[in-house]
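Here is a brief report on selected residues of one protein chain. Keep the structure open while reading.

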Amino acid sequence: MTGHVLVLICEVHPLMFVSHHITRSDIISTVEFNCSGELLATGDKGGRVVIFQREQESKNRLLSRGEYNVYSTFQSHEPEFDYLKSLEIEEKINKIRWLPQQNAAHFLLSANDKTIKLWKISERDKRAEGYNLKDEDGRLRDQFRITTLRVPVLMPMDLMVEASPRRIFANAHTYHINSISVNSDYETYLSADDLRINLWHLEITDRSFNIVDIKPANMEELTEVITAAECHPHQCNAFVYSSSKGTIRLCDMRAAALCDRHSKFFEEPEDPSSRSFFSEIISSISDVKFSHSGRYMMTRDYLSVKVWDLNMENRPVETYQVHEYLRSKLCSLYENDCIFDKFECCWNGSDSAIMTGSYNNFFRMFDRNTRRDITLEASRENSKPRAMLKPRKVCTGGKRKKDEISVDSLDFNKKILHTAWHPKENVIAVAATNNLYIFQDKIN
């Protein structure tokens, strides 16, 4: 099993990438596979959702293991203006979460800063013909001239994919929504902003339950904000949320209606010798994800990824350095605001490997069994179809080798913030600005 994962980590090649001329609205802001991995949704800063569908394998195309092609595109959110607060509400899609498929249709939640929408994506390849009360062109017929009754019949038509909003959950967040997470009961979900977490029922749009509120009575006493939140994959009563202070709180909704008092508190003690002006900024957690098993959770801060055992609160069981070579560059990263970038992280389907992004369009993969790691690059220059990705290395000082790149040459405008891993196979999706790259493990 270990060897198989290493083949994935070392030998990944591109299936496809989507690119267009860069405008702000085209920048991808979230990426998410559905529960089967057959669909992949992306959201962008222009409020659009693009869904890709995996093509079925073909005997005539032995090299193909099902490429992803555009399945549906729709405008999820529009820019709005809050006239009471004189604030413009961006259309940018912050998060997308799929619901488990119950029938032929697919459902997903999409959120911008203030509003969450439940979308139904369905197919139509037949249309009814032979109505009694209207002609084929849709005009109503004179009822007095109808002498016979016809039974309408379904006739084949070109496949049409429809996206329709089924629920709109609005007016529940004063601050910007940073997380949505579907509960394991598949009836409820939570949404989090900087200071509050709300619990919603998927069928009820006019009210939600506030389950966490860390807003102080005096906002001048505010010392931390909520950065991410997620429901436990198996226990519908449990959820976690992370903070800008680098702490994670596990809460149990059975204990109280308002979960201000956590059940578990995860924090790694800070080494006093390494404390600096930037310590609090780089310790802020940008993403938290439960493992599929529910035994572990993973957190991403600015320089590292940490894996925590839910049974051990005082320190993580694993720590992986993502780009430690940037520690000496924190001053310039602070000046250009890159130090506030929020990188996401994800597990593979078996929880044996993890992935997260970095700068210069690099992304990092870590094998938990062997503790091996690799740096790969998602770029158009090295992404010819079926070409194998080569590992990249960053040179921090001294003589630079032929294939290495100097830390001073890194492009901090090219960053991979959003990644997703297929829930069952070694297929990954990486968003690099306005490009979506999809890679799979090497086919022998």
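## Positive phi in two loops

Asp351 is buried, because its relative accessible area is 9%, under the 20% cut-off. The model is predicted. Asp351 sits in the loop that runs between strand S24 (345-347) and strand S25 (353-357). Its backbone deserves a look. Phi of Asp351 is near 65°, a positive value, and the residue is not glycine.

Asn360 also calls for a check. Phi of Asn360 is near 65°, again positive in a residue other than glycine. Asn360 belongs to the loop between S25 and S26. Asn360 is buried, with a relative accessible area of 9%.

## A buried aspartate without a salt bridge

Where does Asp113 lie? Asp113 is in the loop between strand S9 (106-111) and strand S10 (116-129). Asp113 is buried, yet it has no salt bridge. The nearest side chain of opposite charge belongs to Lys92, 5.9 Å away. A salt bridge requires the side-chain nitrogen to be within 4 Å of a carboxyl oxygen, so Lys92 at 5.9 Å does not qualify.

Which side chain makes a polar contact with the side chain of Asp113? That of Asn94 does, at 2.8 Å. Setting aside neighbours within four places in sequence, Asp113 is in contact with Glu90, Lys92, Asn94, Tyr175, His176 and Ile177.

## Salt bridges across the chain

Side chains of opposite charge can pair when their charged atoms come close. How many salt bridges does the structure hold? The count is 23. One of them joins the side chains of Glu224 and Arg249, at 3.3 Å from N to O. Glu224 is in the loop between strand S15 (209-213) and strand S16 (226-231), while Arg249 is in strand S18 (residues 248-252), so this pair ties together parts 25 residues apart in sequence. Both partners have low enough values to count as buried: Glu224 has a relative accessible area of 17%, and Arg249 is at 14%.

Arg368 and Glu318 also meet through their side chains in a salt bridge, at 2.8 Å from N to O. This pair links distant parts of the chain, 50 residues apart. Arg368 is in the loop between strand S26 (362-367) and strand S27 (373-377), and Glu318 is in strand S23 (residues 318-321). Arg368 is buried, with a relative accessible area of 13%. Glu318 is buried too, at 9%.

## A partly exposed pair and a network

Arg327 forms a salt bridge with Glu324. The closest N and O atoms are 2.5 Å apart. Are these partners buried or partly exposed? Arg327 is partly exposed, with a relative accessible area of 40%. Glu324 counts as partly exposed, at 32% relative accessibility.

Salt bridges also form a network. Asp26, Asp44 and Arg48 are linked in this way.

## A nonpolar surface patch

Which residues form a nonpolar patch on the surface? They are Phe277, Tyr334 and Phe340. Together they have about 320 Å² of accessible area.

Phe277 is in the loop between strand S19 (264-266) and helix H2 (279-283). Phe277 is exposed, with a relative accessible area of 60%.

## A buried asparagine in a strand

Asn198 is part of strand S14 (residues 196-201). Asn198 is buried, with a relative accessible area of 3%. Its side chain is joined to the side chain of Asn210 by a polar contact of 3.2 Å.

What else is in contact with Asn198, leaving aside neighbours within four places in sequence? The list includes Ala172, His173, Tyr189, Leu190 and Ser191. Ser208, Phe209 and Asn210 are also in contact with Asn198.

## A buried glycine in a loop

Gly294 is in the loop between strand S20 (287-290) and strand S21 (296-300). At 7% relative accessibility, Gly294 counts as buried. Outside its neighbours within four places in sequence, Gly294 is in contact with His232, Pro233, His234 and Leu310.

One C-alpha separation rounds off the picture. Gly294 and Leu40 are 254 residues apart along the chain, and their C-alpha atoms are separated by 23 Å.

Terms used
Residues numbered from 1 in each chain as written. Predicted model: local features only at pLDDT ≥ 70, side-chain atom pairs only at ≥ 80, totals over all residues. Heavy atoms only, no water. Helix = DSSP H or I, 4+ residues; strand = E, 2+ residues; numbered from the N terminus. Buried < 20%, exposed > 50% of the residue type's maximum accessible area, 1.4 Å probe, protein only. Lys, Arg positive; Asp, Glu negative; His and termini not counted. Polar contact = N/O pair within 3.5 Å; in protein donor to acceptor, adjacent residues only side chain to side chain. Contact = heavy atoms within 4.5 Å. Patch = residues over 30% accessible without salt bridge, like charges linked within 9 Å, V, L, I, M, F, W, Y side chains within 5 Å. Areas by Shrake-Rupley, 256 points an atom, 1.4 Å probe, with all protein chains shown as cover.
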